[in-house]
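Me: I should like to learn how the main features of a protein fold are read from its coordinates. Please take me through one example.

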Amino acid sequence: MRIRSARRSDLPLLQDIERAAGEPFRALGMAFVADDDPPPLDLLESYRLAGRCWVATDPLSATGDRPLGYVLADPVDDALHIEQVSVDPAAARRGIGRDLIAHLAALAARRGRAALTLTTFTDVPWNAPYYARIGFRVLAEHELTEGLRAIRAEEAQHGLDRWPRVCMRRELAAVPRPAKAPKPAKTPPVPDTSEAVDAPAPVAVSGGT
């Protein structure tokens, strides 16, 4: 599996992935989610230009470099927030979502972020239960930051709160900065004794032929 930054030519394919990833919600009685429009191209392009859109591909498969999944992220408070992560159902159960999140976690840690966060449906098997298995925990109401509260309010306006949703967080280990190499000790200058009083006479050293 290869994870790379999204290209402009990928963006319509990401919309296709989003539509396909929404279909399984229909079987759970969540047609509203299944029918939700994918992110518009101009929004995806803004993420791409900001360097916050990544895709997973399998160069060794028949799909080649075609995206099989993608993730969008936003800096929110002290964390990198997963705005969206979706995988084509045709490529499910291959660890693509997990790999995308692991890539994001490593990137966030290198940039000094303390955690990954996300919002998700509580009772959808591939949502909160899945994220709990890969290291996320549900945040209590008093733990929500201002940024997360704003995201939840926006989701409620969009109608997503008709099903239980939670905020989740995965702490990241800080990446230690490489230690600076010690500066080489300066060699003390050799004193010039040519004019010194009582300087010892030079000693002849024989050698060679």
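Reply: The discussion below covers the sheet, the helices, the nonpolar cores and the cysteines. Please note that this is a predicted model.

Me: Let us begin with the sheet. In what order do the strands lie, and is the sheet open or closed?

Reply: Strands of a sheet pair through backbone hydrogen bonds, in either a parallel or an antiparallel manner. Here the sheet is open and comprises seven strands, arranged as β1-β2-β3-β4-β5-β7-β6 with mixed pairing. At its edges stand β1 (2–5) and β6 (137–138); each has a single partner strand, so one side of each lacks a neighbour in the sheet.

Me: How many bridges join β1 to β2, and do these strands run parallel or antiparallel?

Reply: The two strands are antiparallel, and four bridges join β1 to β2, which spans residues 53–57. Within this pairing, Ile3 has Ala56 of β2 as its bridge partner.

Me: Which strands does helix α1 lie across?

Reply: Helix α1, residues 11–22, lies across β2, β3 (69–76) and β4 (79–87), and runs at about 75° to β4. There is also a helix-helix crossing to consider: the axes of α1 and α3 (residues 41–49) come within 10 Å and cross at roughly 115°. This crossing is right-handed. On the α1 side the contact is made by Leu11, Pro12, Leu14 and Gln15, and on the α3 side by Leu41, Leu44, Glu45 and Arg48.

Me: How many residues has the largest nonpolar core, and which elements give two or more residues to it?

Reply: In soluble globular proteins, nonpolar side chains tend to be buried together. In this model the largest nonpolar core has 26 residues, and those with the most contacts inside it are Ile82, Leu104, Leu116, Tyr131 and Phe136. Two or more residues come from each of β2, β3, β4, α4 (96–110), β5 (115–121), α5 (128–133) and β7 (165–171). Helix α4 supplies the largest share, eight residues.

Me: Which residues does Ile82 touch?

Reply: Leaving aside residues up to four places away in sequence, Ile82 touches Val71, Leu72, Ile101, Leu104, Leu116, Thr117, Leu118 and Phe136. A second, separate core has ten residues, including Ala6, Leu11, Leu14 and Tyr47.

Me: Are Cys53 and Cys167 buried or exposed?

Reply: A residue counts as buried under 20% relative accessible area. Cys53 has a value of 2%, so it is buried, and Cys167, at 4%, is buried as well. As for disulfides, the structure holds zero.

Conventions
Residues numbered from 1 in each chain as written. Predicted model: local features only at pLDDT ≥ 70, side-chain atom pairs only at ≥ 80, totals over all residues. Heavy atoms only, no water. Pairing = 2+ DSSP bridges. Contact = heavy atoms within 4.5 Å. Axes fitted to C-alpha atoms, helices over the stretch in contact; angles between N-to-C directions. Core = buried A, V, L, I, M, F, W, Y, C linked by side-chain atoms within 4.5 Å. Buried < 20%, exposed > 50% of the residue type's maximum accessible area, 1.4 Å probe, protein only. Disulfide = S-S within 2.5 Å. Left-handed = near helix turned anticlockwise from the far one by under 90°.
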